[in-house]
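Let's take a friendly walk through this structure, from the whole chain down to a single residue. Please have a look at it first.

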Amino acid sequence: MNAYPLSEQTKADQYDPFTIEIIQNSLTAICDEMFVAMQKTAMSSIIYEVLDCGTAIVDPDGNLASAGAGIPLFVAGLDKSVLFMLNKCKEQGIEIEPGDIFVTNDPYNGGVTHLNDVAFLMPVFADSEIVAWTADIAHWNDVGGMVPGSMATTATEIYQEGFRLPGVKIIAANEPNAPLIEVMKINSRMPDFLEGDLWAGIAAVRVGATRLEEVVEKYGAPIFREAISRYLDYGERMTREALGKLP
């Protein structure tokens with residue numbers, strides 16, 4: 001796996017390995033800061049006490065570059081959500097702009113687990129190009145459906161579980177999609193909690209995007225891309241080594 005293949009000349013010593021390491025560790029720190037931002041601002045105790053949430057940084061091609069604390073299953077789905085969003089925008093001609101934030105909660109359209117788990121995805125730009133995505137996901141108390149809590153044991157189809165968000169812009173160029181938010185609130189039995197958790201999720205990806213922009217501005221986009229590429233290669237090597245030890 002190498003999202004950013006380099007020529008033989010640049011593979012050698014073009015980039016300072018210490019700077020590469022600093023950038024790689026900053027990714028983890030940023031994910032953790034996103035996690036704390038969500039925990040501190042969420043309305044619902046299932047987020048700020050139970051920590052039923054997760055954060056991640058994804059590369060421009062939809063590969064998971066780093067993850068924060070939270071539920072591993074959530075983290076494993078956020079890169080799928082970004083990849084789904086990339087493909088959808090390409091197929092439908094949807095322009096991805098600075099300040100956009102996408103939202104999905106649909107297992108069939110975005111890689112989440114069930115409708116209560118709502119993911120926010122934000123592209124991070126440098127020189128008009130996407131260098132990364134910040135992403136988070138959290139369990140919301142009620143997203144409509146046939147029973148309070150939106151998790152009916154007698155449901156026979158997904159339409160009974162609540163409203164579905166198939167990867168749409170909840171923020172477009174920094175402008176909130178107020179009609180969409182209103183539709184979401186009116187379909188929930190706990191609209192105030194929904195709105196509070198919604199803005200907590202948005203705040204978290206924005207915090208992550210700001211921090212990533214600072215890293216890219218400090219070190220430059222080329223070395224930032226190289227750091228992520230080497231991070232992905234390292235993860236692949238460690239995984240293959242661990243798999244090789246299995247009987």
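What follows starts with the overall fold and ends at one glycine.

This is a predicted model, in which local features need pLDDT of at least 70, side-chain atom pairs count only at pLDDT 80 or more, and totals for chains, interfaces and linings use all residues. Residues are numbered from 1 along each chain as its sequence is written, and side-chain values use heavy atoms, leaving out hydrogens and water.

The chain has six helices and seven strands; these are DSSP runs numbered from the N terminus, with helices being H or I of at least four residues and strands E of at least two. Starting at the N terminus, their order is α-α-β-β-α-β-β-β-β-β-α-α-α.

How does the overall size fit? The radius of gyration, taken over C-alpha atoms, is 19 Å, which agrees with the value near 18 Å for a compact globule of 247 residues; that rule is 2.2 Å times the number of residues to the power 0.38. Of the 247 residues, 48% are buried, meaning under 20% relative accessible area with a 1.4 Å probe, protein chains only. Contacts are heavy atoms within 4.5 Å; among those between residues at least 6 apart in sequence, 64% join residues at least 24 apart.

Now zoom in on Gly162, in the loop between strand E5 (129-139) and strand E6 (166-172). Gly162 counts as buried because its relative accessibility is 12%. Leaving aside residues up to four places away in sequence, Gly162 touches Leu115, Val143, Gly144 and Gly145. The C-alpha atoms of Gly162 and Val147 are separated by 9.0 Å, with the two residues 15 apart along the chain.

Key. Buried < 20%, exposed > 50% of the residue type's maximum accessible area, 1.4 Å probe, protein only.
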